[in-house]
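Colleague: Before I use this model at the bench, I would like to understand what stands behind the words used to describe it. Could we go through them one by one?

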Amino acid sequence: LGDKGGEGVHGLEDGWVIACAGEVHCFTKAFGDVGREDAEDAADVGHFVHAYVEAEMRAELGERVTIPEVPETLTDRDGKTTPHPAFLCLQSYRAWRAAHKVVPVKAEVRVVSRSLGYAGTADLFARVDDVLNLIDYKTSKGVYPEYKIQVAAYRHAALESGEAKEI
């Protein structure tokens with residue numbers, strides 16, 4: 001996996017990660033070193049952002065869904081107000097959407113490799129700049145090698161099962 005011009009990561013910005021079988025678009029929200037409670041908060045942000053983007057894509061596919069409200073600010077225990085981490089992630093996601101032509105094809109795609117004995121669910125098949133991509137959303141503090149392995153496995157299963165003819 002790499003960017004359109006070769007190996008590596010495409011579109012590194014602050015905010016969110018989208019791992020695609022055709023390329024990797026990254027906007028990584030830097031949560032840094034966090035304690036257990038903060039890690040749980042980061043996981044909640046990740047779930048919210050995932051749900052928001054999934055709902056948006058499903059709406060674009062013509063499904064009847066409710067797109068959640070995006071909290072713009074967060075007030076900490078000391079009363080200090082800061083931009084909400086989900087809001088920041090979604091700003092980066094929206095910038096990525098504005099920079100690319102993204103046309104969803106199918107959401108939550110179950111893929112199976114019978115020959116290798118595994119299955120999984122990719123978040124989205126979409127045409128990104130007119131190229132079909134298998135996309136899995138990630139929120140994390142970095143881009144990890146496992147992301148590329150996971151989407152490569154999803155790609156293999158999608159091609160093997162006939163879920164996709166090209167990716």
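Colleague: How much area does the protein expose, and what share of it do carbon and sulfur atoms supply?

Modeller: The protein exposes about 8,900 Å², of which carbon and sulfur atoms supply 51%; accessible areas come from the Shrake-Rupley method with a 1.4 Å probe, and for residues only the protein chains shown count as cover. Please keep in mind that this is a predicted model, in which local features need pLDDT of at least 70 and side-chain atom pairs count only at pLDDT 80 or more, while totals for chains, interfaces and linings use all residues. Residues are numbered from 1 along each chain as its sequence is written, and side-chain values use heavy atoms, with hydrogens and water left out.

Colleague: Why is tyrosine 93 called buried?

Modeller: Buried means under 20% relative accessible area, exposed means over 50%, and partly exposed lies in between, with a 1.4 Å probe and protein chains only. Tyrosine 93 has a relative accessible area of 0%, and therefore it is called buried. Tyrosine 93 lies in helix α2, residues 85-99, and its C-alpha is 9.4 Å from that of valine 49, although the two are 44 residues apart in sequence. Of the 167 residues of the protein, 40% count as buried.

Colleague: What counts as a helix or a strand here, and how many of each are there?

Modeller: Both are DSSP runs numbered from the N terminus, a helix being H or I over at least four residues and a strand being E over at least two. On that basis the protein has three helices and ten strands, in the order β-β-β-β-β-α-β-β-α-β-β-β-α.

Colleague: What makes β8 and β9 a pair?

Modeller: Two strands pair if DSSP finds at least two bridges between them. Ten bridges join β8 (residues 102-113) to β9 (residues 118-128), and the two run antiparallel, so the criterion for a pair is met. Proline 104 stands opposite alanine 126 in β9. The two strands form a hairpin with four residues between them, and glycine 117 in the turn has a positive phi of about 70°.

Colleague: How do you know that β9 also pairs with β10?

Modeller: Five bridges join β9 to β10 (residues 131-138), again in an antiparallel arrangement, so the pairing criterion is met here too. Valine 128 stands opposite valine 131, and alanine 126 has asparagine 133 as its bridge partner in β10. In this hairpin, which has two residues between the strands, aspartate 129 takes a positive phi near 55°.

Colleague: What makes β10 mostly covered?

Modeller: Seven of the eight residues of β10 are buried.
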